[in-house]
Amino acid sequence: KYIHIINKADMAASKGLKILVGCKRVIDYAVKVRVKPDRSGVVTEGVKHSMNPFDEIAVEEAVRMKEKKLAGEAVAISVGPPQSQETLRTALAMGIDRAIHVEIPLAQLEKLQPIHVSKLLAKVCESEKPDLVILGKQAIDDDCNQTGQMLAALLDWPQATFASKIEPSQDSKQLRVTREVDGGLETIDVSVPAVVTSDLRLNEPRYATLPNIMKAKKKPLAKMSPDQLGVDLQPRQEVISVEDPPVRKAGAKVESVEDLVGKLREKGLVK
Amino acid sequence: MLNGILKTVQLVGSASRARLCSAPTELVGGISFKLSEEQQSLQELARKFTADEIVPVAAQYDVSGEYPWPVIRKAHSLGLMNLSLPKWLGGLELGVFDGCLATEEFSFGCSGIQTAILGNGLGASPLLMFGTKEQQKEYLGRLIEEPLMCAYAVTEPGAGSDVAGIKTTAVRKGDDWVINGQKMWITNGGVANWYFVLARSDPDPKTPAGKAFTGFIINRDTPGVNPGRKEDNLGQRASDTRGITFEDVVVPAKNVLGTPGMGFKIAMGAFDKTRAPVGAGAVGIAKRALHEATQYAMQRKTMGVPIAQHQAVAFLLADMAIGLETARLAVWRAAYEADCGRRNTYYASVAKAFASDVANKSASDAVQVFGGNGYNKEYPVEKLMRDAKIFQIYEGTSQIQRLIISRELLAAAMSVKS
């Protein structure tokens, strides 16, 4: 079990939190996703990819916390294929200080699950010792919404998921996180180190400016492998098939409420 | 390591024997059409900016004719303006090619706004090529610090293609010069902070053009500088075009570019750097025309099927694609020659002439694909037709370009023993 004890001094006075931000390379949200003919997955070859939108929000939050002097250093991490480097360069261009790429060989990429990613991140946390890990609440390709929660459990750290606001707590010794839940907003205080996952309304990510894009090339980007981290990527699930959702059938227009009730009765939907 | 060696090969220009298409740089022999990572990032940023900041407001600026200051300020804050300014001034010192990448993207959104954003390139060019360090620091430095505009003022009501026929005078008065005259159709004329102005400094009509003109840098707030009203033009209506009157404008000697008499060479030298980007602007229109026409053709139905399935329409799209691909490559070649440090006049004229024709035909064909709807302001393509026309006129008319191309090719032919 990994235990990290932080000096509980006033957060504003300390040299700031060290933040680790997770970024995943996913198919771009604007692309029309197509299922492969053999139904084993979706077409990714030659398709536009970009940073998961919730991860962009996470990166933006880390950079803002640096600008507010709440954070001292922000490190981005991505678990993925060689092209994940481009995703990390985007994070660096937005203001992250350095990046870590855990490279997954192509053969194992399709079978990678949140359980593996969270184990890899937990191992990195052991050496990097961040005070705060911010992840996107879910990736738009698998919609799992698991990695943040699993990571917190593995590290035995508190978690604050679906964050729409992150600020210092009243006594500045903890983080006050506002969460978006089904019933509305829930505000909780979490002690650091902690895992927070970002939701849509946390912030609006900035454009990387062109000068920062050019500078990002010079920022450090370290590479690691799952073997080096000692994590087993054995898949625990098997994808049987991937199919298109059923084609939406045309509806019918009715002229009056009576017609509507009649039709509903016909279909046996009301008695 | 292989990447490093390939980069060296590319730079040195020596041909490699092996086919290296599979390598990251995709070199085939000595040639590659692959953009570098930095170029891809620039293109992506420009594309995103265009989609978010230009496309949603283009129609509104086209109607109102207001200068797109909010868009300019945003572009400036992202470092998307003044791309070629040197690093020692705080610029990114990007090449002509990189400028073309950004220009094509902005132009896809709105070529009027694109002209406003990148119009600084033309005004700055003479200073970049012939200015002293003090002049560059003073006038180009300003452009980097704040979103200020500049303008290139050569054309007059009586002289456009005939640059040697301009009548604005520059008369020496002690250490100063006094400028009198009228300029016309000056892009950014009403919003510029300073102008590059070409004036006749030698009144003797027998003096050859190469010695009779002088280039000046003139601050907008100099007494006697009077921009006229904003002209109401057919297209690129977001761009600010005006006549400017110079009435006894006193300019200090330190604002002379190069030396007195050098003006013609300076004014013409600027075009070698700016013709390729103007071509890129035309390519942006062609790309937008093809995009809009394709989307429409897939939706609109006639005789029971989307009109894209009728060959007459599909062939219109194919011809637009032919024009787009070839115009872009011509622009890339012209930009590449400039960045290699060579005089690119021939290629720049070919690119500008061809791309402007392609833009006009594509825009007109896009209206055709849209049919009756295309003729109407509710649809985006009539604007493309109006915006495209000026590309055959400014930066050297299509006729002047053909003059330049024919002169260049005949000079080359005459230098070879038959």
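Chain A exposes about 15300 Å², of which carbon and sulfur atoms supply 51%. The model on display is predicted, and the tour begins with this chain as a whole.

**Chain A overall**

Display chain A as a cartoon: eight helices and 11 strands make up its secondary structure. Reduced to its C-alpha trace, chain A spans about 70 × 45 × 40 Å along its principal axes. Of its 271 residues, 43% count as buried. Among contacts in chain A with a separation of 6 or more, 71% are between residues 24 or more positions apart. Colouring by charge brings up 41 positive and 38 negative side chains, and the centres of the two sets lie 2 Å apart.

**Helix α1: Glu60(A)**

Select residues 53-67 of chain A, which form helix α1, and find Glu60(A) within them. Glu60(A) counts as buried because its relative accessibility is 2%, under the 20% limit for that class. Leaving aside residues up to four places away in sequence, Glu60(A) touches Met94(A), Asn203(A), Glu204(A), Pro205(A) and Arg206(A).

**Helix α4: Leu121(A)**

Move next to helix α4, residues 114-128 of chain A, and select Leu121(A). This leucine is buried, with a relative accessible area of 5%. Show the neighbours of Leu121(A) beyond four places in sequence: the residues touched are Ile77(A), Val79(A), Leu135(A), Thr147(A) and Leu151(A). Then draw a distance from the C-alpha atom of Leu121(A) to that of Arg265(A); the two are 55 Å apart, with these positions 144 residues apart along the chain.

**Helix α8 and a nonpolar patch**

Helix α8 covers residues 257-266 of chain A and includes Leu264(A). At 31% relative accessibility, Leu264(A) is classed as partly exposed. Show the surface here and select Val254(A), Val257(A), Leu260(A), Val261(A), Leu264(A), Leu269(A) and Val270(A), which together make a nonpolar surface patch of about 540 Å².

**Salt bridges in chain A**

Side chains of opposite charge can pair when their charged atoms come close. Over all chains, a search of the whole structure finds 38 salt bridges. Select Glu110(A) and Lys36(A), whose side chains meet in one of them at 3.2 Å, N to O. This pair links distant parts of the chain, 74 residues apart: Glu110(A) is in the loop between α3 (106-109) and α4, and Lys36(A) is in the loop between β2 (25-27) and β3 (49-51). Glu110(A) is exposed, with a relative accessible area of 58%, whereas Lys36(A) is partly exposed at 23%. For a network of salt bridges, select Lys18(A), Glu73(A), Arg98(A) and Glu128(A), which are linked in this way.

**Chain B: two charged pairs**

Turn to chain B and select Arg242(B) with Asp240(B); the closest N and O atoms of this salt bridge are 2.8 Å apart. Both Arg242(B) and Asp240(B) are buried. Glu337(B) and Arg342(B) also form a salt bridge, with their closest N and O atoms 2.8 Å apart. Glu337(B) is buried at 5% relative accessibility, while Arg342(B) is partly exposed at 43%.

**Chain B: Gly374(B)**

The last stop is the loop between α11 (345-370) and α12 (381-388) of chain B, where Gly374(B) lies. Gly374(B) is buried, its relative accessible area being 0%. Apart from residues up to four places away in sequence, Gly374(B) touches Val367(B), Val381(B) and Glu382(B). Finally, select Ala293(B): its C-alpha atom is separated by 9.5 Å from that of Gly374(B), although the two residues are 81 residues apart along the chain.

How values were computed
Residues are numbered from 1 along each chain as its sequence is written. Chains are lettered from A and ligands numbered from 1 in the order in which they are written. This is a predicted model: local features need pLDDT of at least 70, side-chain atom pairs count only at pLDDT 80 or more; totals for chains, interfaces and linings use all residues. Side-chain values use heavy atoms; hydrogens and water are left out. Patches are made of residues with over 30% relative accessible area and no salt bridge: like charges are joined within 9 Å, nonpolar side chains (Val, Leu, Ile, Met, Phe, Trp, Tyr) within 5 Å. Accessible areas come from the Shrake-Rupley method with a 1.4 Å probe; for residues, only the protein chains shown count as cover. A salt bridge is a side-chain nitrogen of Lys or Arg within 4 Å of a carboxyl oxygen of Asp or Glu. Helices (H or I, at least four residues) and strands (E, at least two) are DSSP runs, numbered from the N terminus. Buried means under 20% relative accessible area, exposed over 50%, partly exposed in between (1.4 Å probe, protein chains only). Contact means heavy atoms within 4.5 Å. Lys and Arg count as positive and Asp and Glu as negative; His and the chain ends are not counted. The place of a charge is taken as NZ of Lys, CZ of Arg, CG of Asp or CD of Glu.
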